[in-house]
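Notebook open, structure loaded. I'm jotting down what I look up as I go.

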Amino acid sequence: METAKPAEVDAAADRLETAVVRLMERCAALHEENHLLHEQLRQLRAERATFKERTEQARHRVEGMISRLRTMEHPE
C-alpha cells in the first residue's frame with residue numbers, strides 16, 4: 001500500500017475543506033430561501049382568506065339585492 005505524501009494530503013484536505021464550506025454556504029442559502037417561501041406562503045394564505053371573506057360578503061349583498069328585486073316584481 002502506497003503512503004500519500006504530505007503535500008497530497010494537504011491538497012486533499014484543502015479540497016475537502018473547500019467542498020464543506022461550499023456545502024455549508026449552500027445549506028444556509030437554502031435555509032434562507034425556505035424561510036422566505038414559508039413567509040410568502042403565510043402571506044398568500046392570509047390574502048386568500050381575505051379574498052374569500054370579501055367574496056362571501058359580496059355574495060350576501062347580491063343575494064339581498066336579488067331578494068329585494070323579487071319582492072318588487074311580485075308585491076303581495
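Which side chains meet in a salt bridge at 2.4 Å, N to O? I looked, and the pair is Glu-56 and Arg-59. Note to self before going on: this is a predicted model.

**Entry 1: the pair and its surroundings**

I checked where the two partners sit. Both Glu-56 and Arg-59 are in helix α1, three residues apart, which is about one turn of the helix. Next I looked up how covered they are. Glu-56 has a relative accessible area of 31%, so I put it down as partly exposed. Arg-59 is partly exposed too, at 38% relative accessibility.

Then I asked what else Arg-59 touches, and found a salt bridge with Glu-63, with the closest N and O atoms 2.4 Å apart. Arg-59 and Glu-63 are four residues apart in helix α1, so about one helical turn separates them. Glu-63 comes out as partly exposed, its relative accessible area being 38%. Putting these together, I have Glu-56, Arg-59 and Glu-63 linked in a network of salt bridges.

**Entry 2: the rest of the salt bridges**

How many salt bridges does a search of the whole structure find? I get three. Besides the ones above, I wrote down Arg-42 with Glu-39, where the closest N and O atoms are 2.6 Å apart. Arg-42 and Glu-39 are three residues apart in helix α1, so again the separation is about one helical turn. For cover, I noted 47% relative accessible area for Arg-42, which is partly exposed. Glu-39 is partly exposed as well, at 30%.

While on charges, I counted them for the protein: 13 positive and 15 negative side chains. The centres of the two sets lie 9 Å apart.

**Entry 3: overall form**

I pulled the secondary structure next and got one helix and zero strands. Is the chain spread out or compact against the globule rule? The radius of gyration is 32 Å, well over the 11 Å that the rule gives for 76 residues, so the protein is more spread out than a compact globule. I also took the extents of the C-alpha trace along its principal axes, and they are about 105 × 20 × 10 Å.

For a sense of scale along the chain, I picked Glu-17 and Met-65. They are 48 residues apart in sequence, and their C-alpha atoms are 71 Å apart in space. Glu-17 has its place in helix α1. Its relative accessible area is 52%, so Glu-17 goes in my exposed column, where the cut-off is over 50%.

**Entry 4: surface**

What share of the 76 residues counts as buried? I got 0%, with buried meaning under 20% relative accessible area. The protein exposes about 7600 Å², and carbon and sulfur atoms supply 59% of that.

I went after nonpolar patches and logged one of about 300 Å², made by Leu-16, Val-20 and Met-24. Of these I looked closer at Met-24, which has its place in helix α1, residues 6-73. At 56% relative accessibility, Met-24 counts as exposed.

**Wrap-up**

My running picture has one helix and zero strands, 0% of residues buried, and three salt bridges. The network I'd flag on the page is Glu-56, Arg-59 and Glu-63, and the nonpolar patch to mark is Leu-16, Val-20 and Met-24.

Note on methods: Residues numbered from 1 in each chain as written. Predicted model: local features only at pLDDT ≥ 70, side-chain atom pairs only at ≥ 80, totals over all residues. Heavy atoms only, no water. Patch = residues over 30% accessible without salt bridge, like charges linked within 9 Å, V, L, I, M, F, W, Y side chains within 5 Å. Areas by Shrake-Rupley, 256 points an atom, 1.4 Å probe, with all protein chains shown as cover. Salt bridge = Lys/Arg side-chain N within 4 Å of Asp/Glu carboxyl O. Helix = DSSP H or I, 4+ residues; strand = E, 2+ residues; numbered from the N terminus. Buried < 20%, exposed > 50% of the residue type's maximum accessible area, 1.4 Å probe, protein only. Rg over C-alpha atoms; globule rule 2.2 N^0.38 Å. Lys, Arg positive; Asp, Glu negative; His and termini not counted. Charge placed at Lys NZ, Arg CZ, Asp CG, Glu CD.
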